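Thank you all for coming, and please have the viewer open in front of you while I talk. I would like to walk through one structure slowly, pausing at a few residues so that we can look at each of them together.

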Amino acid sequence: MKKKFIMIGLVIILIVGTVLPFTSYAATEQELNQQRKDIEEDIKEAQERQEQIKGEVSETQEEINKLNDEISQKEAEIATITAELNQLTDELDKLTKQLNEAQEKYDEQFDSLCKRLAAQNKRGSVSYLDVLLGSNSLTDFISNYYMIEKIAEYDAELLSDIEENKNTIETSKKEVDAKKEVVAQKQSELKIEEISLTTKKTNKNKYLSQLGQEDQDLQKSIDEYNQKLKETDEELSRLARAQGNNGGGFVYTGGKLNWPVSGYRISSYFGYRGSAATGGVGTANHNGYDLACAHYTPIYAAEDGVVIKCITGCTHDYPKTYATRCYCGGGYGNYVMISHGNGLVTLYGHCSSINLNVGDTVTRGQKIGEVGSCGWSTGYHLHFSVILNGTYVNPGNYLG
Ligand SMILES: [Zn+2]
Ligand SMILES: [Zn+2]
């Protein structure tokens, strides 16, 4: 916006060249009002985006909550499957140990059998007489002979038993191994799913902080826009006060002004008062009278005159706190300024409604609007200022 004004300014300088010095280019009331509208539009746009962000934030927060639930569930599933996997590993360890023991037993038994078979073989290759001669008696011989044979037979049987047992263990080991592989596969799948969920959550959180940053930036812009709005309003006020010097056909010749409302209570006089920062209201240096009265109380023109400024558009017609105040109309909310000529201007602020336009002529006592609490106002009242040659003066010296 500012750029556009500079461009217009430059074009004018280029066209009118040396005739018009740069300093003489000042924004007209029309331009200032356009600037005002543009700024208000920018504020509205920023506030709309802020509302949108609010929605997006709560939506994203909801999604994160859902992801948290899903992650918790996935973690529980992983814990269950890990326990299952550990159990299978234990089982496998046990089976491996059993198999090793069986193998050991088998080896021992095989060894023992071999020895006995060797003894038998040896005996087979020699005559029974040798065995007989090697024995102390016949009984001894028979017993030795059968004993060896029986034991060999028993060893062989045992060996076959062990082998069978070994095979059984090996089979179950294979089964458990296969099962373990399936469970491990499932576990790694669950872990991948968990990582994917966590990544999603991280991205959502990142988006959330981006939204927070955008909201902060928007708020900063809004504050800047409001500052610009205030400056524009001040410029407009200066312009209006300057215009008040030429009477617009009216000439104030002294005499008391008409009280603009009836049924009022003066809640704040002209001059110093405690500011909002020190527990009071509004500005510390009060530039008018605050006339507290009921909502929608009629407001009457204090004197004949012409409307030189009329600001409407504040919809915040309710009592506010320092925290909830609005800056509409530079704090006056909806307000109207009437020039009575001879440099005298009256201002009516915080109006609920104004039924006038710039350029309208008004007569003393004519209804011009209704009392409200628009702008920076803590309760329903009319703010009434008297301006003489561009300076705020004490209304007490003018009112009848
Ligand atoms: Zn407002
Ligand atoms: Zn006031």
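What follows is a short tour of a metal site, some charged side chains and a few residues of the backbone. Before we begin, please keep in mind that this is a predicted model.

Let me begin with the metal. Which residues of the protein hold the zinc ion, ligand 2? The donors are His286 through its NE2 atom, Asp290 through OD and His383 through ND1, and they lie 1.9 to 2.1 Å from the zinc ion. If you follow these donor residues along the sequence, you will find them spaced as H-x3-D-x92-H. As for their surroundings, both His286 and Asp290 are buried.

Now let us turn to the charged side chains. In general, side chains of opposite charge can pair when their charged atoms come close. How many salt bridges does the structure hold? There are nine salt bridges in the structure, and I have picked out some for us to look at in detail.

The pair I would like to show you to start with is Arg36 and Glu40, whose side chains meet in a salt bridge with a distance of 3.2 Å from N to O. These two residues are four apart in helix H2, which covers residues 29-125, and therefore about one helical turn separates them. Their exposure is worth reading off carefully: Arg36 has a relative accessibility of 5% and so counts as buried, whereas Glu40, with a relative accessible area of 33%, is partly exposed. Asp233 also belongs to this picture, since Arg36, Glu40 and Asp233 are linked in a network of salt bridges.

Another pair is formed by Glu63 and Lys204, whose closest N and O atoms are 2.9 Å apart in a salt bridge. Because Glu63 lies in helix H2 and Lys204 in helix H4, this pair ties together parts that are 141 residues apart in sequence. Both ends of the bridge can be placed on the exposure scale, for Glu63 is partly exposed with a relative accessible area of 31%, and Lys204 counts as partly exposed at 27% relative accessibility.

A further salt bridge joins Glu303 and Arg364, with 3.1 Å between the closest N and O atoms. Here the pair links distant parts of the chain, 61 residues apart, with Glu303 in the loop between strands E5 (298-300) and E6 (305-311), and Arg364 in the loop between strands E9 (361-362) and E10 (367-371). Glu303 counts as buried because its relative accessibility is 15%, while Arg364, at 39%, counts as partly exposed.

Let us stay with charge for a moment, but move to the surface. There, Glu149, Glu153, Glu157, Asp161, Glu163 and Glu164 gather in a patch of negative charge. If we take Glu164 as our example from this group, its place is in helix H4, which runs over residues 138-244. Is Glu164 buried or exposed? With a relative accessibility of 54%, where the cut-off for exposed is over 50%, Glu164 counts as exposed.

For the last part, I would like us to look at the backbone. Most residues other than glycine have a negative phi, and most peptide bonds are trans. With that in mind, please find Asn342, which has a positive phi of about 60° although it is not a glycine. Asn342 lies in the loop between E7 and E8, and its relative accessible area of 48% makes it partly exposed.

His350 likewise has a positive phi, of about 65°, and is not a glycine. This residue is found in strand E8, and at 5% relative accessibility His350 counts as buried.

Strand E8, residues 344-354, is also the place of Gly349, which is buried with a relative accessible area of 1%. From the C-alpha of Gly349 to the C-alpha of Gly331 it is 8.8 Å in space, and the two are 18 residues apart in sequence.

Finally, please go to Thr321, in the loop between E6 and strand E7 (334-341), where a relative accessibility of 43% means that it counts as partly exposed. Thr321 and Gly379 are separated by 58 residues in sequence, and their C-alpha atoms are 9.3 Å apart in space.

That is the end of the tour, and I am happy to go back to any of these places with you.

Technical notes. Residues numbered from 1 in each chain as written. Chains lettered and ligands numbered in written order. Predicted model: local features only at pLDDT ≥ 70, side-chain atom pairs only at ≥ 80, totals over all residues. Heavy atoms only, no water. Patch = residues over 30% accessible without salt bridge, like charges linked within 9 Å, V, L, I, M, F, W, Y side chains within 5 Å. Areas by Shrake-Rupley, 256 points an atom, 1.4 Å probe, with all protein chains shown as cover. Salt bridge = Lys/Arg side-chain N within 4 Å of Asp/Glu carboxyl O. Lys, Arg positive; Asp, Glu negative; His and termini not counted. Charge placed at Lys NZ, Arg CZ, Asp CG, Glu CD. Buried < 20%, exposed > 50% of the residue type's maximum accessible area, 1.4 Å probe, protein only. Donors = N, O, S within 2.8 Å, 3.2 Å for Na, K, Ca; no water.
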